[in-house]
Amino acid sequence: MTAETGRWIRNFVDGRFVDPDDGDGDGRAGHRGFDATDPATGLVHARVHEADEALVDRAVTAARRALREGWADTAVRERTELLRRAADRIEERFDEFVAAEIADTGKPVTQARELDVARAVANFRAFADVVAAAGQESFLTDLAGGRRALNYAVRKPLGVVAVVVPWNLPLLLLTWKVAPALACGNAVVVKPSEETPGTAALLAEVLAEVGLPAGVYNVVHGFGGGSAGGYLTAHPGIDGVTFTGSSATGAQVMRTVAPRVRPVSFELGGKNAAVVFDDVDVDEAVTGLSRSVFANTGQVCLCTERVYVQRSVFDDIAGGLVERAGRLRLGDPLSEETTTGPLISHAHRDKVLGYFDLAEQAGATVLTGGQVPRLGADLDGGSWIEPTLWTGLTNADRVVREEIFGPVAALIPFDTEEEAIGLANDTDYGLAASVWTNDLRRGHRVAQAMNVGMAWVNTWFLRDLRSPFGGVGLSGLGREGGESSLHFYTEPTNVCVQL
Ligand SMILES: O=C(O)C(=O)/C=C/C=C/O
């Protein structure tokens, strides 16, 4: 069975796409499949072949074989040159990646171009640079009696890495993990979100085109437990798991790999705060804040959902944010004028609308939004929602404590710096924060006081790919980025030589 378009998005195992009609080559035709839906219209745009346990096993087996047959021992230069060719090839096929990402997410073409696909190219180049420049740790050890020893560490690939990635920034996050994993000599089995299978499959074509050996990069489509994601993370042939997604799923992955004590790298949920002091340039702060709340329709783990504003500028900031929300253009993802796409699915929209109801029950004032917009034409079948801002809430309210993952934020006043730090840190999460002030020392001081992995001052989501990226608390385990990625994707052996 295929979607109206007749297009299958297929699994990629051991260097080739698996034909859904003959399943995984065992002759059983008509393997399970599920629809790929365009969130902008609600229309099915493809059929996705769901990998069963046998196919996941074949993928892991192929990855292990690829390691044994030489990939793990390839020269660093060979691997980094391959990454650079992949970056170049993504650039050559740039528009195909943009189209595939939009088909799966409904995000505006301007964002898909400037963020999602651009960052995929940057990720491959950044990790080619990092691995090419990486040294090894070594120490000359002085011993009693003038003797000496030499200690040095050699880093080897972790092995076969399960890469489980989410639907909000599919290609950006996939390549954020795959680039360093491959650069370090690992093989990967990728399980993209069931919502966004397209670009992971397209990347398989590109990696094959630039000469990546069969079995080094594999893609299995499906869901979590009882489907490809569960089969993959539970597979005994997996040496580690890198996962970006919800904290609950992260905890489940941890339980799954615990018996085999496998390393995990998690970038999970967030309930990120912005702290705005009264010395800001209001227009400049509102520009950055509105981007941090509404980017990708609020579907970025780093997005701001709590805005704490010093009382004397509260009304100015609130008014500025309402005005910016009014300027957002929801609509056809392919239009250059569109600034804001839909949520990823009707199910996710229902979840966000549930929080809208909770906010009203908690007595929130809706400054703007709060409804499902009517966009007309074929868009009303999509998962659209209005950018929304609330006041009248406190840190005690569920909508201020739980991650909503939509274009929505609560604005809460504060008086003193100490109070603001207390409010911002009053959360079980700890991914990101932003501090807005023109007082240099206060900016550094408050940013360092945030219990988060990443704190921005007078900006947001400005990224140096060499810096450590990740969260604390429910927001994750470990860091990726620059050297931090090398530490996760390799295992050091320390050699000590008596001289
Ligand atoms: O910018 C990055 O490297 C990154 O990992 C962003 C993650 C956003 C998650 O929603």
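**Ligand shell**

I sorted the shell around the ligand by class: eight nonpolar residues, one polar and three charged. The model is predicted, and I read every entry here with that in mind.

Next I listed the shell by name. Around the ligand I find Arg119, Asn168, Leu169, Leu172, Leu173 and Trp176, along with Glu267, Val300, Cys301, Phe461, Arg463 and Phe469. Which helix gives the most to this shell? I get helix 5, residues 170–183, with three residues.

Then I went through polar atoms against the ligand's oxygen atoms. Asn168 places a polar side-chain atom 2.7 Å from a ligand oxygen. Cys301 comes in through its backbone: a polar backbone atom there is 2.7 Å from an oxygen of the ligand. Arg463 uses its side chain, with a polar atom 2.8 Å from a ligand oxygen. I also looked up the ligand's area. Alone, the ligand exposes 310 Å², and the protein buries 99% of that.

**Helix 3**

I moved to helix 3, residues 94–105. The helix has 12 residues and runs 17 Å from first C-alpha to last, close to the 16 Å expected at 1.5 Å a residue.

Which residues of helix 3 are buried? I noted Phe94, Phe97, Val98, Ala100, Glu101, Ile102, Asp104 and Thr105. Glu101 and Asp104 are among the buried residues, so I marked both names in my list.

What covers them? The cover includes two strands, strand 4 (33–38) and strand 5 (43–49). It also includes helix 2 (76–92), helix 4 (109–133), helix 5 and helix 6 (198–209). Helix 5 is thus on two of my lists: it covers buried residues of helix 3, and it gives residues to the ligand shell.

I checked the residue just after helix 3. Gly106 sits there with a positive phi of about 75°.

**Asn151**

I looked up Asn151 in strand 7, residues 148–157. Is Asn151 buried or exposed? Its relative accessibility is 14%, so it counts as buried; the cut-off is under 20%.

The side chain of Asn151 has a polar contact with the side chain of Thr141, at 2.8 Å. I then left out neighbours within four places in sequence. Asn151 is still in contact with Glu137, Ser138, Phe139 and Thr141, and with Asn494, Val495 and Cys496.

**Thr233**

Thr233 belongs to helix 7, residues 228–234. I put it down as buried because its relative accessible area is 5%.

Where does its side chain reach? I found the backbone oxygen of Gly229 at 3.0 Å from the Thr233 side chain. A polar atom of that side chain also lies 3.4 Å from the backbone oxygen of Gly230. Not counting residues up to four places away in sequence, Thr233 touches Val164, Val241, Val253, Thr256, Val257 and Arg260.

**Val309**

My last lookup was Val309, in strand 14, residues 304–310. Val309 has a relative accessible area of 0%, so I entered it as buried.

Which residues does Val309 touch, leaving out those up to four places away in sequence? I have Val276, Phe314, Ile317, Ile412, Pro413 and Phe414.

I also took one spacing along the chain. Val309 and Leu321 are 12 residues apart, and their C-alpha atoms are separated by 12 Å.

Terms used:
Residues are numbered from 1 along each chain as its sequence is written. This is a predicted model: local features need pLDDT of at least 70, side-chain atom pairs count only at pLDDT 80 or more; totals for chains, interfaces and linings use all residues. Side-chain values use heavy atoms; hydrogens and water are left out. A residue is near a molecule or strand if one of its heavy atoms lies within 4 Å of it. A polar contact is a pair of N or O atoms within 3.5 Å; within protein, one must be able to donate a hydrogen and the other to accept it, and residues adjacent in sequence count only if both atoms are side-chain atoms. Accessible areas come from the Shrake-Rupley method with a 1.4 Å probe; for residues, only the protein chains shown count as cover. Helices (H or I, at least four residues) and strands (E, at least two) are DSSP runs, numbered from the N terminus. Ala, Val, Leu, Ile, Met, Phe, Trp, Tyr, Cys and Pro count as nonpolar, Asp, Glu, Lys and Arg as charged, and the others, Gly among them, as polar. The expected span of a helix is 1.5 Å times one less than its number of residues. Buried means under 20% relative accessible area, exposed over 50%, partly exposed in between (1.4 Å probe, protein chains only). Contact means heavy atoms within 4.5 Å.
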